[in-house]
Amino acid sequence: MFSYTGYYSSWFIFVLPAILFATYAQMKISSSYKKYSKIPSKSGLTGAQVARYILDKNGLNEVRIEQVRGVLTDHYDPRARVLRLSPEVYSGSSIASVSVASHEVGHAIQHQDGYFPLILRNTIAPIAMFGSNLVWIFIILGFIFSPFFINLGIALFIAAVLFQIVTLPVEFNASRRALQQLENGIISRDQIDQAESMLKAAALTYVAATLVAISELLRLLAITNRRR
């Protein structure tokens, strides 16, 4: 079996810095969301109204908008063709609400345009979820029975890392599309910078998630190479 010294040293070397950055990113999005939730959009439109307007403007009349529980649980479901917005985003008319709603509409527009990184991410997603959930089971089986399971676990986790990497251009592009839509009279020009700051803070969480995934892969490789 692998040594506990190697296990923990690799965690401190590879994973801890990424986790610290992820903690910072989470604090940043929380503080930004709180800040911009207090600033009303000059249009007075709610997140749901802004989302409906942008969807219809882009020929996405068939995409429904639903309210979902939670905070920042907003997402676009490409299979059901549904935009799901958290209560504060759905009913709120703040800069935070319209920014988040517009970002999620950006994913719907990506879907309509056949944006390749989005298609790739959706294709990788089932493998990535399977790999991230079971990787350590395969690694332990590899230590006990055969290196084949170690290689299989690493291959599956690489898919999870690729999912996070592909997510970055998908999210950045959705934010860019959102700002382009907001600039067309939905919010005042002087509030565009505020919306951009909100979306940049949100994007930082995806960067952090990618770094954590890469660091976990490096730790995994270090542990298994030491075992071999």
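Student: Which helices each supply at least two residues of the lining of the second largest pocket?
Tutor: This is a predicted model, where local features need pLDDT of at least 70, side-chain atom pairs count only at pLDDT 80 or more, and totals for chains, interfaces and linings use all residues. Residues are numbered from 1 along each chain as its sequence is written, and side-chain values use heavy atoms, with hydrogens and water left out. A pocket is an open set of points on a 1 Å grid over the protein atoms alone, where a 1.4 Å probe fits and protein lies on both sides within 12 Å along at least five of seven lines; lining residues have an atom within 4 Å of a point. Among the residues lining this pocket are Phe172 and Ala203, and the helices you want (DSSP runs of H or I, at least four residues; strands are E, at least two) are α6 and α7.

Student: How many charged residues are in that lining, the one of the second largest pocket?
Tutor: Asp, Glu, Lys and Arg count as charged, Ala, Val, Leu, Ile, Met, Phe, Trp, Tyr, Cys and Pro as nonpolar, and the others as polar. Arg176, Glu196 and Lys200 are in the lining. Alongside four nonpolar residues and one polar, the charged count is three.

Student: Which helix gives the largest share of the lining of the largest pocket?
Tutor: The largest pocket holds about 1,100 Å³ (the space filled by probe spheres set on the grid points). Of its 39 lining residues, the closest to the centre include Arg121, Phe163 and Tyr206. Several elements, including α1 (4-36), β2 (75-77) and α7 (189-227), supply at least two residues each, but the largest share, 10 residues, comes from α5.

Student: How many residues of α4 are buried?
Tutor: Across the protein chain, buried residues (under 20% relative accessible area, 1.4 Å probe, protein chains only) make up 44% of the 228. α4 is largely enclosed by the rest of the structure, because of its 19 residues the buried ones number 16.

Student: How far apart are the end C-alpha atoms of α4?
Tutor: The expected span is 1.5 Å times one less than the number of residues, so the 19 residues of α4 should span 27 Å. The model agrees, with its end C-alpha atoms apart by 26 Å.

Student: Where is confidence highest in the protein chain?
Tutor: The chain averages a pLDDT (the predictor's confidence in each residue, from 0 to 100) of 90. Confidence is lowest in α1, at a mean of 80, whereas the top mean, 98, belongs to strand β3.

Key: Buried means under 20% relative accessible area, exposed over 50%, partly exposed in between (1.4 Å probe, protein chains only).
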